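Work through the exercises below with the sequence and the 3D view at hand. Each task is followed by a solution in steps.

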Amino acid sequence: MTNLSARIYEIVSNIPRGEVMTYGQIAEMLGDKRLARAVGNALHKNPDRENIPCHRVVNFKGELSKSFAFGGIEAQRRLLESEGVKW
């Protein structure tokens, strides 16, 4: 795991249940809004779904990820709705 990936996973691990962040917001927290794609790539390779809730990350429009790596858009929707997030 790269240092960048570790930082991404740390940020995502701290997104509270029932809340979401965008790839861009995470990139800005890393200090470079151009890293949004790198955030997506790291989350696609999430090594620990139990502790790194990548389903809480949405695109810049606040929409669900069409390429959610762990079951598709409907899986992401179900996970978020189970946490009280409404779409």
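**Exercise 1. Arginine 56**

Leaving aside its neighbours within four places in sequence, which residues is arginine 56 in contact with? State also where arginine 56 lies and whether it is buried or exposed.

Solution. The model is a predicted one.
- Step 1: place the residue. Arginine 56 sits in the loop between H3 and S2.
- Step 2: list the contacts. Once neighbours within four places are set aside, arginine 56 is in contact with Ile15, Pro16, Arg17, Glu19, Val20, Met21, Leu80 and Glu83.
- Step 3: classify the residue. Its relative accessible area is 10%, and the cut-off for buried is under 20%, so arginine 56 is buried.

**Exercise 2. The overall layout**

Find how many helices and strands the protein has, and in what pattern they follow one another. Then judge its compactness from the radius of gyration.

Solution.
- Step 1: count the elements. There are four helices and two strands.
- Step 2: read them along the sequence. The pattern is α-β-α-α-β-α.
- Step 3: compare the radius of gyration with the globule rule. The value is 12 Å, close to the 12 Å that the rule gives for 87 residues, so the protein is as compact as a globular protein of that length.
- Step 4: add the extents. Along the principal axes, the C-alpha trace spans about 30 × 25 × 20 Å.
- Step 5: add burial and contacts. Of the 87 residues, 37% count as buried. Among contacts with a separation of 6 or more, 55% come from residues 24 or more positions apart.

**Exercise 3. The buried side of H1**

Which residues of H1 are buried, and what do they pack against?

Solution.
- Step 1: list the buried residues. In H1 they are Ser5, Ile8, Tyr9, Ile11 and Val12.
- Step 2: look down the axis. The buried residues of H1 fall within an arc of 160°, so they line one face of the helix.
- Step 3: recall the helix geometry. An α-helix has 3.6 residues a turn, so residues three or four places apart point the same way.
- Step 4: check the other side. There, Asn3 and Glu10 are exposed.
- Step 5: name the partners. The buried residues of H1 pack against strand S1 (21–22), H2, H3 and S2.
- Step 6: take a residue of intermediate exposure. Leucine 4 is also in helix H1, and at 27% relative accessibility it counts as partly exposed. Not counting residues up to four places away, leucine 4 touches Leu30, Leu35 and Ala38.

**Exercise 4. H3 and H4**

Identify the buried residues of helix H3 and of helix H4, and state what covers each set.

Solution.
- Step 1: take H3 (residues 36–44). Its buried residues are Val39, Ala42 and Leu43. They cover an arc of only 95° around the axis, which puts them on the same side of H3.
- Step 2: find their cover. It includes helix H1 (3–13), helix H2 (23–29) and strand S2 (57–58).
- Step 3: take H4 (residues 72–82). Here Ala75, Gln76 and Leu80 are buried. Down the axis of H4 they fall within an arc of 130°, so they line one face of the helix.
- Step 4: find the cover for H4. The cover of its buried residues includes S2.
- Step 5: look past the end of H4. Glycine 84 follows H4 and has a positive phi, near 95°.

**Exercise 5. Two loop residues**

Where do isoleucine 52 and asparagine 59 lie, and what do they touch?

Solution.
- Step 1: place isoleucine 52. This residue is in the loop between H3 and S2, and it is buried, with a relative accessible area of 8%.
- Step 2: list its contacts. Neighbours within four places aside, isoleucine 52 is in contact with Tyr9, Val12, Ser13, Asn46 and Pro47.
- Step 3: check a distance. Isoleucine 52 and isoleucine 8 are 44 residues apart along the chain, and their C-alpha atoms are separated by 9.5 Å.
- Step 4: place asparagine 59. Its loop runs between S2 and H4.
- Step 5: list its contacts. Not counting residues up to four places away, asparagine 59 touches Thr22, Tyr23 and Leu64.

Terms used
Residues are numbered from 1 along each chain as its sequence is written. This is a predicted model: local features need pLDDT of at least 70, side-chain atom pairs count only at pLDDT 80 or more; totals for chains, interfaces and linings use all residues. Side-chain values use heavy atoms; hydrogens and water are left out. The radius of gyration is taken over C-alpha atoms; the globule rule is 2.2 Å times the number of residues to the power 0.38. Buried means under 20% relative accessible area, exposed over 50%, partly exposed in between (1.4 Å probe, protein chains only). Contact means heavy atoms within 4.5 Å. The arc is that of the directions from the helix axis to the C-beta atoms.
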